[in-house]
Amino acid sequence: MLNGLELILLCLVCQAAASDLAWRRVPNVLVLAGLLLALALHWRLGGSGALLGQALAGGVVGLLLFLPMYALGGMAAGDVKLMAMAGSFVGPAQALQLGVLSALAGGVLALCWLLAARRRGVVADGMPYAVAIAIGTIATIALAHR
């Protein structure tokens with residue numbers, strides 16, 4: 001059974017993926033609201049601040065995992081911010097797992113994206129990576145419940 005944090009996170013990343021598919025943008029308001037919500041919920045649930053520390057550490061891990069790809073021009077800033085937000089919900093250990101699973105999903109989706117572009121005879125200009133992050137998040141939560 002999913003807990004409240006997981007359910008909220010799934011809703012947020014699915015909304016980000018839908019937005020990225022439709023408009024090729026991950027709205028800052030969605031990411032900021034999710035980050036603030038994660039921090040507030042961890043602070044409220046943790047009492048002593050230990051969970052808040054885990055949320056902050058998860059956000060930093062999520063940010064640092066994808067920041068190099070942004071710096072090299074291979075990823076948009078919204079995707080990096082989305083990963084940081086997702087990391088703040090799950091903590092540092094699961095943020096690392098989420099990043100690896102998102103990267104794997106991103107690789108598969110990129111191949112599909114390139115093949116689809118080739119079939120249409122167009123140049124693939126960029127992939128909505130929030131979809132890969134949503135898939136990585138779903139897989140991370142599913143693995144936590146196996």
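**Exercise 1. Find which helices each supply at least two residues of the lining of the second largest pocket.**

Solution. α2 (28–46), α3 and α4 each do so. The model used here is predicted. Next, take the shares: α3 gives the largest, with 5 residues. Among the lining residues are Asn28, Leu56, Lys81 and Met85. Now sort the lining by class: 9 residues are nonpolar, 2 polar and 1 charged. Last, the volume of this pocket is about 170 Å³.

**Exercise 2. Describe the lining of the largest pocket.**

Solution. Start with volume: about 370 Å³. Then count the lining, which has 19 residues. Met75, Ala76, Asp79, Met127 and Tyr129 lie nearest the centre. Two elements, α3 and α4 (77–90), give two or more residues to this lining. The largest share comes from α4, with 4 residues. By class, 10 are nonpolar, 4 polar and 5 charged.

**Exercise 3. Classify the aromatic pair.**

Solution. The structure holds 1 such pair. The ring centres of Phe66 and Tyr129 are 5.8 Å apart, and their planes meet at 80°. Planes over 60 degrees apart count as edge-to-face, so Phe66 and Tyr129 form an edge-to-face pair. Now place the partners. Phe66 sits in helix α3 (residues 50–71), while Tyr129 is in the loop between α5 (92–120) and α6 (130–144), so the pair ties together parts 63 residues apart in sequence. Both residues are buried.

**Exercise 4. Decide whether Ala17 is buried or exposed.**

Solution. Ala17 lies in helix α1 (residues 4–23). Its relative accessible area is 9%. Buried means under 20%, so Ala17 is buried. Beyond residues up to four places away in sequence, Ala17 touches Ala130, Val131 and Ala134.

Conventions. Residues are numbered from 1 along each chain as its sequence is written. This is a predicted model: local features need pLDDT of at least 70, side-chain atom pairs count only at pLDDT 80 or more; totals for chains, interfaces and linings use all residues. Side-chain values use heavy atoms; hydrogens and water are left out. Rings of Phe, Tyr and Trp (its six-membered ring) pair if their centres lie within 6.5 Å; planes under 30 degrees apart count as stacked, over 60 as edge-to-face and the rest as tilted. Buried means under 20% relative accessible area, exposed over 50%, partly exposed in between (1.4 Å probe, protein chains only). Contact means heavy atoms within 4.5 Å. On a 1 Å grid over the protein atoms alone, a cavity is a set of points where a 1.4 Å probe fits but cannot get out, and a pocket is an open set with protein on both sides within 12 Å along at least five of seven lines; lining residues have an atom within 4 Å of a point. Grid points are joined across faces, edges and corners, and a volume is the space filled by probe spheres set on the points. Ala, Val, Leu, Ile, Met, Phe, Trp, Tyr, Cys and Pro count as nonpolar, Asp, Glu, Lys and Arg as charged, and the others, Gly among them, as polar.
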